[in-house]
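Hello,

Here is the structure you asked for. My notes on it come after the model.

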Amino acid sequence: YDRPIRSNIDFLEFGAQNTPGQLSMGASIELMDQIGVEAIYEHVQVYNDRLEAGLLARGFTSLRASWVGGRSGILSVRAPYDHDSGELSYGLNRQGIACTSPDGLMRFAPHWPNALDEVPEVLEALDGVMEGRFG
């Protein structure tokens with residue numbers, strides 16, 4: 001297999017467009033426009049308020065901005081000293097709860113489809129992972 005690198009534009013090959021992806025993205029944007037960015041932001045903040053309170057009660061440290069206007073949709077927390085964030089995130093993911101730990105912090109990023117009444121389930125699953133029942 002010998003394909004020398006060419007120096008002009010004729011080496012580009014075009015494939016099929018991602019039409020299903022484009023249509024799906026368009027439908028998602030329309031739905032979010034109907035709900036409204038402000039309503040989505042408020043919902044995510046209420047979700048994170050509840051989740052943060054439960055995490056603080058379990059000894060986590062929140063890195064969330066204290067100023068409401070400085071908050072994003074992501075809740076970043078540091079695990080208690082006797083727990084590893086990566087292991088906790090892995091355990092939550094195994095329970096079907098999306099959580100990442102790219103840099104030693106646990107990151108939760110809920111969005112408008114996440115129901116507020118699921119927060120106790122997230123915390124219960126976390127309790128199980130912390131106690132070694134799940135993982």
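Below are notes on the sheet, a helix packed on it, one buried serine and one surface patch.

This is a predicted model: local features need pLDDT of at least 70, side-chain atom pairs count only at pLDDT 80 or more, and totals for chains, interfaces and linings use all residues. Residues are numbered from 1 along each chain as its sequence is written, and side-chain values use heavy atoms, leaving out hydrogens and water.

Sheet. Three strands (DSSP runs of E, at least two residues, numbered from the N terminus) make an open, antiparallel sheet in the order S1-S2-S3. Strands count as paired if DSSP finds at least two bridges between them. S1 (61-62) and S3 are the edge strands, each pairing on one side only. S2 (residues 75-78) is joined to S3 by three bridges, and Leu75 is opposite Phe108 in S3.

Helices. Helix H2 (residues 37-57; helices are DSSP runs of H or I, at least four residues) lies across S1, S2 and S3. H2 runs at about 5° to S2, where axes are lines fitted to C-alpha atoms, for helices over the stretch in contact (heavy atoms within 4.5 Å), and angles run from 0 to 180 degrees between N-to-C directions.

Ser89 lies in helix H3 (residues 85-94). Ser89 counts as buried because its relative accessibility is 3%; buried means under 20%, exposed over 50% and partly exposed in between, with a 1.4 Å probe and protein chains only. Leaving aside residues up to four places away in sequence, Ser89 touches Cys99, Thr100, Ser101 and Met106.

Surface. Trp112 sits in the loop between S3 (106-108) and helix H4 (119-130). Its relative accessibility is 31%, so Trp112 counts as partly exposed. With Leu31 and Ile35, Trp112 makes a nonpolar surface patch of about 230 Å². Patch residues have over 30% relative accessible area (Shrake-Rupley method, 1.4 Å probe, only the protein chains shown counting as cover) and no salt bridge (a side-chain nitrogen of Lys or Arg within 4 Å of a carboxyl oxygen of Asp or Glu); like charges are joined within 9 Å, and nonpolar side chains (Val, Leu, Ile, Met, Phe, Trp, Tyr) within 5 Å.

Regards
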